[in-house]
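I opened a fresh page for this model. My plan was to look up how the chains sit together, then to check one residue away from that topic.

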There are 2 protein chains.
Amino acid sequence: MSDRTELALRAKELDAADALAGLRDRFVLDQGVYLDGNSLGALPAHVPDRMRDVLTRQWGELRIRSWDESGWWTAPERIGDRIAPLIGAGPGQVVVGDSTSVNVYKALVAAVRMAGEGRTEILVDATTFPTDGYIANSAARMTGCTLRALTPAEIPAALGPRTAAVLLNHVDYRTGRLHDLPALTAAVHDAGALVVWDLCHSAGALPVGLDAHGVDLAVGCTYKYLNGGPGSPAYLYVRSDLQDRFDSPLPGWNSHAEPFGMNPEYTPVPGARRGRVGTPDILSMLALEAALEVWDGVSVDAVRAKSLTLTDFFLECVAAYTEPGRVECVTPLRHEERGSQVALRCADAGDVMKRLIDRGVVGDFRHPDVLRFGFTPLYVGFADAERAARVLGEVLA
Amino acid sequence: MSDRTELALRAKELDAADALAGLRDRFVLDQGVYLDGNSLGALPAHVPDRMRDVLTRQWGELRIRSWDESGWWTAPERIGDRIAPLIGAGPGQVVVGDSTSVNVYKALVAAVRMAGEGRTEILVDATTFPTDGYIANSAARMTGCTLRALTPAEIPAALGPRTAAVLLNHVDYRTGRLHDLPALTAAVHDAGALVVWDLCHSAGALPVGLDAHGVDLAVGCTYKYLNGGPGSPAYLYVRSDLQDRFDSPLPGWNSHAEPFGMNPEYTPVPGARRGRVGTPDILSMLALEAALEVWDGVSVDAVRAKSLTLTDFFLECVAAYTEPGRVECVTPLRHEERGSQVALRCADAGDVMKRLIDRGVVGDFRHPDVLRFGFTPLYVGFADAERAARVLGEVLA
């Protein structure tokens with residue numbers, strides 16, 4: 001009990017000192033502890049009213065005129081520019097639309113086409129979320145490349161003059177391991193190949209630094225740490241100096257230089273818009289745009305600092321409340337190798353997660369034996385972390 | 001003036017006798033005449049309240065649980081089955097998601113893969129909405145096929161043992177010409193090839209009869225006659241007996257037999273779900289699902305009958321109110337060749353459309369000289385048609 005009193009007190013102090021604590025009021029939350037924001041971010045409180053305007057006035061009253069008057073047509077690149085600073089990208093390089101899978105396909109095929117003659121192998125992160133591997137396989141098949149799946153640690157030694165492109169995940173969705181984006185990007189470049197980074201589990205949780213590290217292409221979803229809503233559209237980053245060579249396998253009319261010219265010949269538009277395909281899904285897209293306002297005035301560095309303190313503190317509480325050996329932490333303890341989630345392995349993980357959810361602590365279960373707890377610094381506090389660890393200890397006891 | 005009195009009276013009588021007239025109350029409309037529902041359908045009145053529930057309760061309160069409890073996960077195939085009867089498809093063959101362009105790509109690549117050895121040419125409707133041609137070009141390039149763009153009338157003579165797949169538009173977006181789906185489908189099949197129909201401008205306006213005519217694959221958007229909202233997700237039809245051979249170029253995790261198994265090997269799910277790719281855009285998708293309720297109890301045959309009477313009547317009014325030769329109708333007069341729009345060619349079409357819109361008659365302008373008027377029988381009546389023609393006559397005078 002002394003541990004418990006001391007940790008609860010520490011949590012209180014940490015929350016009191018947390019400069020980001022007030023951001024929680026920007027979200028709709030309940031009495032539970034929501035540690036699944038790395039799967040679906042919580043609802044920003046102002047989004048429903050904003051969507052009422054989109055539905056009743058923009059669609060209901062202005063109808064077709066909204067493509068111009070409500071800025072629907074330019075939403076993909078405008079929202080891309082809103083996401084850009086969160087991933088360390090200057091303007092004009094990010095465009096929003098389609099799903100992550102579709103963007104992985106665009107990026108990887110385009111990367112192979114840019115890699116040039118004789119480069120006929122794609123390397124893919126074997127530990128990545130499976131869709132990236134499935135799509136990489138299709139991209140390889142359709143570009144006449146071979147595909148090899150390797151762990152990120154094995155990638156540098158596997159690079160060579162045949163390597164066309166490498167698809168890597170910034171943070172492993174299962175273990176929460178953060179990969180070394182600067183070093184891996186440099187290694188890929190040293191081999192003369194292009195790198196595509198999947199930022200699904202890092203954007204909005206930690207600094208990415210796309211421009212600073214010279215990343216070629218990147219994709220990511222917006223419904224996790226960016227809180228864009230269920231299945232909100234993904235984004236595609238193409239570095240400025242590569243955009244003229246970006247040759248999309250999905251050259252829909254939205255990427256045409258004159259989309260309303262109705263020209264039978266395809267002439268790609270310059271810039272990030274070249275990553276667009278068909279008509280953007282405006283409702284999902286404008287919910288995302290509204291949701292991104294919670295980031296106004298928020299520094300990603302501050303988010304990262306809080307995230308690390310939060311996950312450190314959660315692990316400390318888990319150690320205090322749980323019998324030694326009952327769970328094994330599969331998330332790296334070193335800060336430079338940790339994303340914003342904690343993954344704990346335990347034998348009966350599926351059942352344990354059910355009981356946690358019944359008690360208001362919402363994480364998720366990843367087959368076969370992983371409990372995943374996502375820490376979203378915009379709305380998760382230290383008392384939440386202490387409570388989650390305490391309930392976990394009770395459930396495991 | 002006698003013409004005008006007589007036509008206004010006829011409009012009144014036609015509206016009074018119109019069994020579909022009451023459906024107008026299911027939509028948000030204003031005092032103008034909206035003849036652009038073939039570009040963006042009007043807002044069904046109940047959609048904003050439904051979306052408030054999706055936002056505040058399903059996302060805001062249930063959050064991640066909604067993937068199961070609110071039926072988010074099964075939305076693509078459930079909504080596909082809701083669209084199916086509108087296009088003459090039995091259940092289990094239609095799946096909703098992605099844009100029309102992305103679905104054209106899936107359908108065309110899969111069709112080529114099903115066509116078999118030695119079939120290395122794709123034929124595409126040269127008069128189609130340009131995106132279909134751009135995407136067909138990419139599909140040809142990535143499958144090692146040649147591509148030929150021909151008018152639908154030229155297709156039958158061009159078919160041969162090398163033809164793999166043919167991409168056709170059911171209704172020409174510009175002229176409103178309805179193509180002969182049964183005859184063209186039969187011709188493609190006689191040549192041993194597969195046909196992909198684009199239903200963007202026919203679904204919801206006239207009977208399509210996919211199953212009855214043995215169509216192989218079809219795609220379409222949902223934001224025109226289906227009123228799903230701006231950029232609402234498109235759909236893909238794959239005929240039941242072809243589904244096992246449907247080999248998608250976009251094999252995202254949503255099309256895996258065990259999407260949550262996180263298996264590194266891709267095993268496609270059977271059925272229509274095989275056309276899924278990434279996480280569905282739930283907000284846009286559930287707005288569409290709600291919007292489709294306006295079809296409850298509505299017969300597509302009745303819609304078609306009203307559409308033809310409406311466009312006939314509009315053309316009669318245009319002839320009465322407009323100086324001969326001032327406009328030229330590019331929409332076929334024969335019913336079996338007409339969709340649900342009327343396209344009029346006139347020299348100063350861009351300016352004419354601006355003035356029409358200023359006077360509350362909303363159609364659209366298609367480069368270089370076409371005025372397009374879409375007639376959506378669910379909410380456009382005969383008085384609307386008479387008024388639109390009258391204002392057009394005044395603007396042209």
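**Entry 1: symmetry.** Before comparing copies I noted how they are overlaid: by least squares on the C-alpha atoms of residues with pLDDT of at least 70 in both. The pLDDT cut-off applies since this is a predicted model. I then looked up the operation that takes chain B onto chain A. It is a rotation of 180 degrees, with 0.0 Å of shift along its axis, and the RMSD is 0.0 Å. I wrote down that this is the relation of a two-fold axis.

**Entry 2: which surface?** Do the copies meet through the same surface or through opposite ones? I found that 100% of the interface residues of chain B are also interface residues in chain A, so the copies meet through the same surface. I also took the contact count: 74 residues of chain B touch 74 residues of chain A.

**Entry 3: area.** The size of an interface is often given as the accessible area lost when the parts come together. For chain B and chain A I get a buried area of about 6,000 Å². Carbon and sulfur atoms give 66% of that area. Next I asked which three residues supply the most of what chain B buries against chain A. They are B:Trp59, B:Arg63 and B:Tyr134, with 14%.

**Entry 4: polar terms.** I counted 24 residue pairs in polar contact between chain B and chain A, with both residues at pLDDT 80 or more. The salt-bridge rule finds 6 across the interface of chain B and chain A. I looked at one of them, in which the side chains of A:Asp30 and B:Arg63 meet at 3.1 Å, N to O. B:Arg63 is thus on two of my lists: this salt bridge and the top three for area that chain B buries against chain A.

**Entry 5: elements and classes.** Which elements of chain B give two or more residues to the side that touches chain A? I have helix 2 (47-62), helix 5 (100-115), helix 6 (130-143) and helix 9 (282-291). Helix 2 of chain B gives the most, with 10 residues. By class, I logged 40 nonpolar, 21 polar and 13 charged residues on the side of chain B that touches chain A.

**Entry 6: A:Ala84.** I placed A:Ala84 in the loop between helix 4 (75-83) and strand 2 (94-96) of chain A. Is A:Ala84 buried or exposed? Its relative accessible area is 1%, and the cut-off for buried is under 20%, so A:Ala84 is buried. Leaving aside neighbours within four places in sequence, A:Ala84 is in contact with A:Ala89, A:Gly90 and A:Val94. I also took one distance: the C-alpha atoms of A:Ala84 and A:Val47 are separated by 21 Å, with the residues 37 apart along the chain.

Conventions:
Residues numbered from 1 in each chain as written. Chains lettered and ligands numbered in written order. Heavy atoms only, no water. Contact = heavy atoms within 4.5 Å. Buried area = accessible area lost by both parts, 1.4 Å probe. Salt bridge = Lys/Arg side-chain N within 4 Å of Asp/Glu carboxyl O. Polar contact = N/O pair within 3.5 Å; in protein donor to acceptor, adjacent residues only side chain to side chain. Helix = DSSP H or I, 4+ residues; strand = E, 2+ residues; numbered from the N terminus. Nonpolar A, V, L, I, M, F, W, Y, C, P; charged D, E, K, R; others polar. Buried < 20%, exposed > 50% of the residue type's maximum accessible area, 1.4 Å probe, protein only.
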